[in-house]
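Below is a brief report on one protein model. It goes from the overall fold to single helices, then to loops and an internal cavity.

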Amino acid sequence: MNVRYRVELGQVERDQLSEMLSGGKHAARKLKRAQILLAADAGMSDAVIAASVSVGESTVYRTKRRLVEGNLELALSEEPRPGAGRKLSGKEEALLIATACSSPPEGRARWTLELLAGEMVKRTEHAALSRETVRRRLQENELKPWRQDMWCIPQVDGTYVARMEDVLDLYAEKADPKRPVVCFDESPTQLIGEVRLPIPAAPGHPRRYDYEYCRNDTMNLFVFVDAHRPWRTVKVTERRKAVDFAECMRELVDIHYPRADVIRVVMDNLSTHDAGALYEAFPAPEAHRILQRLEIHHTPKHASWLNMVELEIGVLRGQCLDRRIGDRKKLNAEIAAWVKQRNKAKARIRWMFNTEKARQKLVHAYPDPAIKES
């Protein structure tokens, strides 16, 4: 360690690190690196920094070196660890998941690790694949083919693979403001009101509410999330008919992405999710105008987990809707506040199956195995 690296942060970088330490969800190691950089910028010695942050001096040295030789993002991230690379590419891993969730071969009651390894050799260019590789990839995705209550798809055929690869290729592309990729889906939610007012929390007593409730109505949520930038929006409607879908597409074109040349929309195969819905809702010239700006990409049937927005809906339900909300006005206000906070925090989805790129560890919401939320 003969080289002494001197850390001199810009004001923008100081503000970024201070904001990171003030709140939000970040890995403990990343927070320690932020503390190291701020302390080094203040002129503290490596020994003092190591003692105050509870790390070794070698960690301080490496963090400073990565900043000076690289940039702030490099200094905050993990260094590549030694060892062999992952045997399966992003697409191949997605294919393994799809295969494990499909019906087993004729004459077999369920998939085994050996059967899956053999099937992957047939479907890919690998000459051989160990059962241990298959086991690890399934373990990461919490899939157990011997379980009988797992979520399954009926068959992996050519159409399934083609649509799967089409969607994965979109996610793997670099962000293009002129050709954004937007994931879209809809989800119902009930308006549940209180029969009796809850008792607020007090020292020694949690918040208490009556088991009895009243079901007021059912609303529909149309949810959009950008695959390449930290943006999402939610529209609350009373129904989810073709005309509502068409209006969402018009808002996507005219309000959310007015400057895009074409918007590539990933969605499932619901009957209302087609071009005909726009011609039912609008005059033919208006429907044609909107469709000229849209490029629809359908996920495979029974494979909604390939749509990023499914995970965003899970986050919405866990963070915002996991309580009793009794009327549409309050529902709109609460969802709007949640959307504003998520967009302001620049929360985004990092898709696990980015083709041929480094992947993040898996964090997923049942039953959709596939992503990490930053």
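## Overall fold

Among contacts in the protein with a separation of 6 or more, 69% join residues 24 or more positions apart. Keep in mind that this is a predicted model. Its secondary structure comes to 14 helices and 7 strands. The protein has 374 residues, and 41% of them count as buried.

## Helix α6 and its surroundings

Helix α6 spans residues 90-100. All of it is out of reach: 11 of the 11 residues are buried, so the helix is largely enclosed by the rest of the structure. The buried residues include charged side chains by name, among them K91, E92 and E93. G90, A94, L95, L96, I97, A98, T99 and A100 are buried in α6 too. What do the buried residues of α6 pack against? They pack against α7, α8 and α9, the last of these running from 158 to 172.

## The loop between α7 and α8

Two residues of this loop connect back to α6. H126 sits between α7 (113-123) and α8 (131-140). T124 is found in the loop between α7 and α8 as well.

Is H126 buried or exposed? H126 has a relative accessible area of 18%; the cut-off for buried is under 20%, so H126 counts as buried. T124 is also buried, at 15%.

The side chain of H126 makes a polar contact with the side chain of E92, at 3.0 Å. E92 is one of the buried residues of α6. Beyond its neighbours within four places in sequence, H126 is in contact with K87, L88, E92 and V121. On the same basis, T124 is in contact with E92 and L95. E92 thus appears in the contacts of H126 and in those of T124.

T124 has polar links of its own. Its side chain reaches the backbone oxygen of M120 at 2.6 Å. A polar atom of the T124 side chain also lies 3.4 Å from the backbone nitrogen of H126.

## Helix α3: two sides

Helix α3 covers residues 46-53, and I49, A50 and V53 are buried there. These residues cover an arc of only 100° around the axis, which puts them on the same side of α3. On the other side, A51 and S52 are exposed. The cover over the buried residues includes α2 (28-41) and α4 (57-69).

S54 follows α3. This residue lies in the loop between α3 and α4.

## Positive phi outside glycine

Most residues other than glycine have a negative phi. Two residues here depart from that pattern: S54 and K346. K346 lies in the loop between α14 (328-344) and β6 (349-351). The table sets the two side by side.

| Residue | Phi | Relative accessible area |
|---|---|---|
| S54 | near 65° | 60%, exposed |
| K346 | about 55° | 60%, exposed |

## N269, a loop residue with distant partners

Where is N269 placed? N269 is in the loop between β4 (263-267) and α11. N269 is partly exposed, with a relative accessible area of 31%.

Its partners include residues far along the chain. Not counting residues up to four places away in sequence, N269 touches R163, H298, T299, P300 and K301. One of these partners is also reached by a polar contact: the side chain of N269 comes to 2.8 Å from the backbone oxygen of T299. A303 is 34 residues from N269 along the chain, and their C-alpha atoms are separated by 9.8 Å.

## The cavity

How many cavities of 30 Å³ or more does the structure hold? It holds 1. About 40 Å³ of space lies in the largest cavity.

The lining consists of F245, M249, M267, H273, D274, A275, L278, L291, L294 and I296. These residues divide into 8 nonpolar, 1 polar and 1 charged. Three elements each supply at least two lining residues: α10 (242-256), α11 (275-281) and β5 (294-298). The helix α11 also bounds the loop that holds N269.

Methods:
Residues numbered from 1 in each chain as written. Predicted model: local features only at pLDDT ≥ 70, side-chain atom pairs only at ≥ 80, totals over all residues. Heavy atoms only, no water. 1 Å grid on protein atoms, 1.4 Å probe; cavity = no way out; pocket = protein on both sides within 12 Å on 5 of 7 lines; lining within 4 Å. Points joined across faces, edges and corners; volume = space filled by probe spheres on them. Helix = DSSP H or I, 4+ residues; strand = E, 2+ residues; numbered from the N terminus. Nonpolar A, V, L, I, M, F, W, Y, C, P; charged D, E, K, R; others polar. Buried < 20%, exposed > 50% of the residue type's maximum accessible area, 1.4 Å probe, protein only. Polar contact = N/O pair within 3.5 Å; in protein donor to acceptor, adjacent residues only side chain to side chain. Contact = heavy atoms within 4.5 Å. Arc of directions from axis to C-beta.
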